[in-house]
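Ready to get your bearings in a new structure? Work through the short exercises below, and try each task before reading its solution.

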Amino acid sequence: MSDATSGEPGFGVYVHWPFCASKCPYCDFNSHVRHKGWDEPRFLAAFRREIAHMAALAPGRTVSSIFFGGGTPSLMLPETVAGILDAIGGSWEVDDAVEVTLEANPTSVEADRFRGYRAAGINRVSLGVQSLHDEALKQLGRLHTAEEALKALGVATATFERVSFDLIYARPDQTPDAWRDELARALALGTDHLSLYQLTIEEGTPYWGLHRDGKLKTPDEATARALWDLTQETCEAAGLPAYEISNHARPGQESRHNLVYWRYGEYAGVGPGAHGRLIVNGARRELSTERNPELWASAVEADGAGLVMNEPLSLESQADEFLVMGLRLTEGIDLARFHRLCGRRISDRRIDDLVMDGMVERVGRDRLRVTPEGFPVLDAVVADLAS
């Protein structure tokens, strides 16, 4: 079984629900608005069929985590969630202590619906709060208010044992003092896990065009660094240290599903635009599905899966992915596993140079992790080690 302390990745199933009530201007995820709704029984049937296809590619696994992401999975009926979980349980063994997470937006949180999700098998919820200030929520294109977010959080904590929520910082005009106050309020709410993301401007989003045209100004580099440092210090002092670059938890409350990714485990991705990494006949393969929901459903109906990519990963690609994912974790990476995975070793000279610069540190003989000073420049550290 995978857990936060074993160091084993486990096997995960990611379920992508592609629909949203509206599209946020900063979002580059595969999400779609359908004002006339969607044919939910059709999509449930397609999920069932694609799950069976993935299980045929990777049989005999034991599922340690399931994650419903999106989009807005809390727009699904509880009966749909139950049907998908039944399909997973009928295709693979499921660990008795499986973590089953569902992402939810505060606008779609209803007590009855949440009780339905719990009855279906959800045992962890991640709420997309994003801010505790109404003005910032409007700027981010969110449909809920801060009051609605707090009410939704109350419903979630009364229904599920494990609850996390997201906040976005380094927003336009945000100061360290304002973020300190907002973060203190968030920590006082008492959840055991927080996902705290610096706002990034992704190409192709409305924010990209506004930023390019000078109509959206994000904090400068020095302010962004101050916000980052403040985040780490405040959460550490509150007992929720970072275990990954953007995720904070009390020990033992880490997201087991995300640890599957970061520890470079296997996972099946089902649904429109889902990605997976499966070992098939001894070779790790990269899989992804059609992004358009209706085209995906048609492909599944015709072929059993909506795959648009199913290719073996080269050893070099595996090495790069292992570094990119594993060095996000404060626990770092196992250098011996890196060698087993790709057949080469990271240069000791390159590691020693980064150690001298204070960017990484060795832990025992075979473990390497990024230092607090290295995390703000993680991309550069990874590129140096990978070259």
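**Exercise 1: Overall shape**

Task: Work out why the radius of gyration of the protein chain agrees with that of a compact globule.

Solution: Start with the length, which is 387 residues. For that many residues, a compact globule would have a radius of gyration near 21 Å. The chain in this predicted model has 21 Å, so the two agree. Next, look at the box: along the principal axes, the C-alpha atoms fill roughly 60 × 50 × 40 Å.

**Exercise 2: Inside and outside**

Task: What percentage of the 387 residues is buried?

Solution: Counting a residue as buried when its relative accessible area is under 20%, you get 52%. Now turn to the surface: about 17,200 Å² is accessible, and carbon and sulfur atoms account for 50% of that. Finally, check the contacts. Take those between residues at least 6 apart in sequence, and 70% of them join residues at least 24 apart.

**Exercise 3: A little sheet**

Task: In what order do the strands of the open sheet of 3 strands lie?

Solution: First, the wider inventory: the chain has 14 helices and 17 strands. The sheet in question runs E15-E17-E16, with antiparallel pairing. E15 (333–334) and E16 (360–363) are its edge strands, each pairing on one side only. Zoom in on E15 and E17 (residues 367–370), and you'll find 2 bridges in the antiparallel sense. There, aspartate 334 sits opposite arginine 367 of E17.

**Exercise 4: Charges**

Task: How far apart are the mean positions of the positive and negative charges?

Solution: Tally 40 positive and 57 negative charges, then compare their mean positions: they lie 2 Å apart.

Methods:
Residues are numbered from 1 along each chain as its sequence is written. This is a predicted model: local features need pLDDT of at least 70, side-chain atom pairs count only at pLDDT 80 or more; totals for chains, interfaces and linings use all residues. Side-chain values use heavy atoms; hydrogens and water are left out. Two strands pair if DSSP finds at least two bridges between them. Helices (H or I, at least four residues) and strands (E, at least two) are DSSP runs, numbered from the N terminus. The radius of gyration is taken over C-alpha atoms; the globule rule is 2.2 Å times the number of residues to the power 0.38. Buried means under 20% relative accessible area, exposed over 50%, partly exposed in between (1.4 Å probe, protein chains only). Contact means heavy atoms within 4.5 Å. Accessible areas come from the Shrake-Rupley method with a 1.4 Å probe; for residues, only the protein chains shown count as cover. Lys and Arg count as positive and Asp and Glu as negative; His and the chain ends are not counted. The place of a charge is taken as NZ of Lys, CZ of Arg, CG of Asp or CD of Glu.
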